[in-house]
Each structure stands twice: as structure tokens, then as C-alpha cells.
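Work through the exercises below with the sequence and the 3D view open. Try each task before reading its solution.

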Amino acid sequence: MKSGIFYFSGAGNSEAVAKEIGKLSDAHIVKRMNDTTKEDVEGLTQVGLVFPVYYFAPPTRIISFIELLLKNNIPSTIDYLYVIMTHGGMSSYGPSITERLLEENGYVASYTHTIKMVDTFIPITKIPSKQKQDVVSKLAYEKVLSIVQDIKNNEIKVAPRLPLSNMAYHLFRRISTWRYDYDKKFVVDNRCTSCGICVQKCPVENIILAGNSIEYLHHCEQCLACIHHCPTHAITFKKKPLRGYTYYKGPTYFTKRKDEQ
Ligand SMILES: Cc1cc2nc3c(=O)[nH]c(=O)nc-3n(C[C@H](O)[C@H](O)[C@H](O)COP(=O)(O)O)c2cc1C
């Protein structure tokens, strides 16, 4: 059996979940979707996809990844495909739309699950205190443990599709690219040191270094990784500048647990 986990992550929730599932289930490959090559997906028999819910749906990059996975890897080699979506409290149509996406590419998920984590959508939510983050992350970690058990047992468990999920799917396909120039709403001030962390963290290669600053390329997924991970807090929103405690870099609880072991 060759198993692989492929993840998309902005602030770091889905990355932490993917890496933990990978470690606990002895996956052969754990890779960011944007670094994944055709060779990585060839001959896999078990595949896990881990990504967040953005605007009640999956990130649009999932479309091209699913196409890469299923068109280049003969789908018949995959015996077990599972999808784990992290969210901030309303996974909504995320799983139903993903299931439809898989189906469009001739595949059916064996297992889907969602995990509530710290909400990273800072335009409307506040990042909680570290203690509150740990409470949410502890529950998330417990869910990871039970998911790993299910995966090891090859459980077949798919959440039922929500009513009107067909309509949600078509709406998603139609409007998903509208997000792309959202990066025009960002402003980068002179605290930018051109360190390149945002370039590395961006899961869709939407940022390049330009002189002493950065430039956005307008195919943004709105994951906000650049804002969350900027060490000098140089990036914010034009209309609603958010300064101060608005940054989150993934669940430190997951790392703390590892340190204690
Ligand atoms: C642009 C954006 C949109 C989001 N939309 C939703 C949503 O519709 N429902 C929800 O429950 N959480 C939503 N969230 C919260 C994320 O799904 C959640 O925090 C997730 O764990 C982030 O994972 P990541 O750190 O791997 O990007 C959103 C976050 C962002 C940045």
C-alpha cells in the first residue's frame, strides 16, 4: 500500500492536521498541494486530502488538484480516498461541494470528516487568547486521533449531502474565481523587510518579492496566510486596517503535545 496526504493551508490549521494524520497513520508522503508532482501521486492506493472551508466551500485550488490527482493517477489504483476539512464553525457546503468535485472526476470519497479549529477569517472574527486556542485545538486533536483510527480501519463514512448542494456546487463553480483579485484589498507598508516568508507561505504562488517589498499577482485564494505569518505585521487591509493581536500561525497545542511526548 502506498499512501499520501496532500494539503492546502493558509494560517496553518490544515497543515498541522495533515502532518499529524500523516505521522500517526504512517503515510508515505505528506505534501502541500502546490508542491505536488505527477510522480508523487502515481501508484497511490490510499489518498488523504486535507484543506479548509473558505466561504462555505473548498478553496478553488482544490479543483485543479483533484484533476491532477485523478486524471494523472489511474483512479483504479486508489482504494481509499478520504477528505478532511478544517473550519471555523460552519463547514456548510464544503464537504458536499468537494464530493461533487470528486464525482465530476469519476471518483467517490470513502470517508469525509470536518474538524472545527480556530477561525482564521480575521475580517469578521477575533483570534482568541492562547488559552482559548488551546481549548479548541485540544478538541481538534482528539478528533484527529479518532479520524486516524477510522482511516486505519478503512472505515466507509461519508457525510450526507446537504439540501440544495447541487445549486451550491454550480454557484461555487461560477463565482469561485471572483475571489482572485481580493489581494487588491491588501496594503503593504514600509515595515515590510522583503523577508520572503509570505512568498513561502502563500499556497498558490500569488506573491513575489519586488524591490524592498512584495507584489501580489491577483490569483489570491484569500487564505490570509500572508497577513497571519508576516513577522513585522506589514500587511493589512486597505479599508479596515487590523493592527494588534490579529495573528494566528496554526495550533501551538499540536506542537506542545509533541514536545511533551
Ligand atoms: C477567507 C476565509 C473564509 C473562511 N470561511 C469559512 C466558512 O465559510 N466557514 C467556516 O466554518 N470557517 C471559515 N473560515 C475559517 C477557516 O475555515 C478555518 O479557520 C480553517 O481551519 C483555516 O485553515 P488553514 O489555517 O489551513 O487555512 C474561513 C477562513 C478564511 C481565511
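The exercises cover helices, a buried serine, salt bridges and the contact between two domains. The model is predicted.

**Exercise 1. Check the span of helix H1 (residues 13-24) against its number of residues.**

Solution. Step one: helix H1 has twelve residues. Step two: at 1.5 Å a residue, H1 should span 16 Å. Step three: the end C-alpha atoms are 17 Å apart, which agrees. Past the helix, look at Asp-26, which follows H1 and has a positive phi, near 55°.

**Exercise 2. Decide whether Ser-14 is buried or exposed, and find what it touches.**

Solution. Start with the place: Ser-14 lies in helix H1. Next, take its relative accessibility, which is 1%. Buried means under 20%, so Ser-14 counts as buried. Ser-14 shares this state with other residues of H1, among them Ala-16, Val-17, Ala-18 and Ile-21. Now list the contacts, leaving out residues up to four places away in sequence. Ser-14 touches Tyr-7, Phe-8, Ser-9, Val-50, Phe-51, Pro-52 and Thr-86.

**Exercise 3. Do the span check for helix H5 (residues 130-152), then name some of its buried residues.**

Solution. H5 has 23 residues. From its first C-alpha to its last, H5 reaches 32 Å. The expected value at 1.5 Å a residue is 33 Å, and the helix comes close to it. The buried residues of H5 include Ala-140, Tyr-141, Val-144, Ile-147, Val-148 and Ile-151. Charged names appear too: Asp-134 and Asp-150 are among the buried residues. After H5 comes Asn-154, with a positive phi near 50°.

**Exercise 4. Explain where the salt bridge of Lys-138 and Glu-142 sits in H5.**

Solution. Begin with the general point: side chains of opposite charge can pair when their charged atoms come close. Here the side chains of Lys-138 and Glu-142 meet at 3.2 Å, N to O. The two residues are four apart in helix H5, so about one helical turn separates them. Then check exposure. Lys-138 is partly exposed at 40% relative accessibility, and Glu-142 is partly exposed at 39%.

**Exercise 5. Which salt bridge has a partner at 14% relative accessibility?**

Solution. Asp-40 has that value and counts as buried. Its partner is Lys-31, with the closest N and O atoms 2.7 Å apart. Lys-31 counts as partly exposed, at 26%. Now turn to another pair, Asp-181 and Lys-184, where the closest N and O atoms are 3.6 Å apart. Asp-181 is partly exposed at 37%, and Lys-184 is partly exposed at 46%. Salt bridges can also share partners: Glu-99, Glu-103 and Arg-161 are joined into one network this way. The full count is twelve salt bridges.

**Exercise 6. Describe the contact between domain 1 and domain 2.**

Solution. First, set the bounds: the domain assignment gives domain 1 as 3-170 and domain 2 as 179-237. Their C-alpha centres lie 24 Å apart. Second, count the residues: 18 from domain 1 and 18 from domain 2 take part in the contact. Third, take the area. The two domains bury about 1500 Å² between them, with 50% of it on carbon and sulfur atoms. In domain 1, Tyr-55, Thr-60 and Ile-122 lose the most area to domain 2, together 28% of what that side buries. Last, look at the pairing. There are zero salt bridges across this interface, but ten residue pairs are in polar contact between the domains.

How values were computed
Residues numbered from 1 in each chain as written. Predicted model: local features only at pLDDT ≥ 70, side-chain atom pairs only at ≥ 80, totals over all residues. Heavy atoms only, no water. Expected span 1.5 Å × (residues − 1). Buried < 20%, exposed > 50% of the residue type's maximum accessible area, 1.4 Å probe, protein only. Domains from an automatic or database assignment. Contact = heavy atoms within 4.5 Å. Buried area = accessible area lost by both parts, 1.4 Å probe. Salt bridge = Lys/Arg side-chain N within 4 Å of Asp/Glu carboxyl O. Polar contact = N/O pair within 3.5 Å; in protein donor to acceptor, adjacent residues only side chain to side chain.
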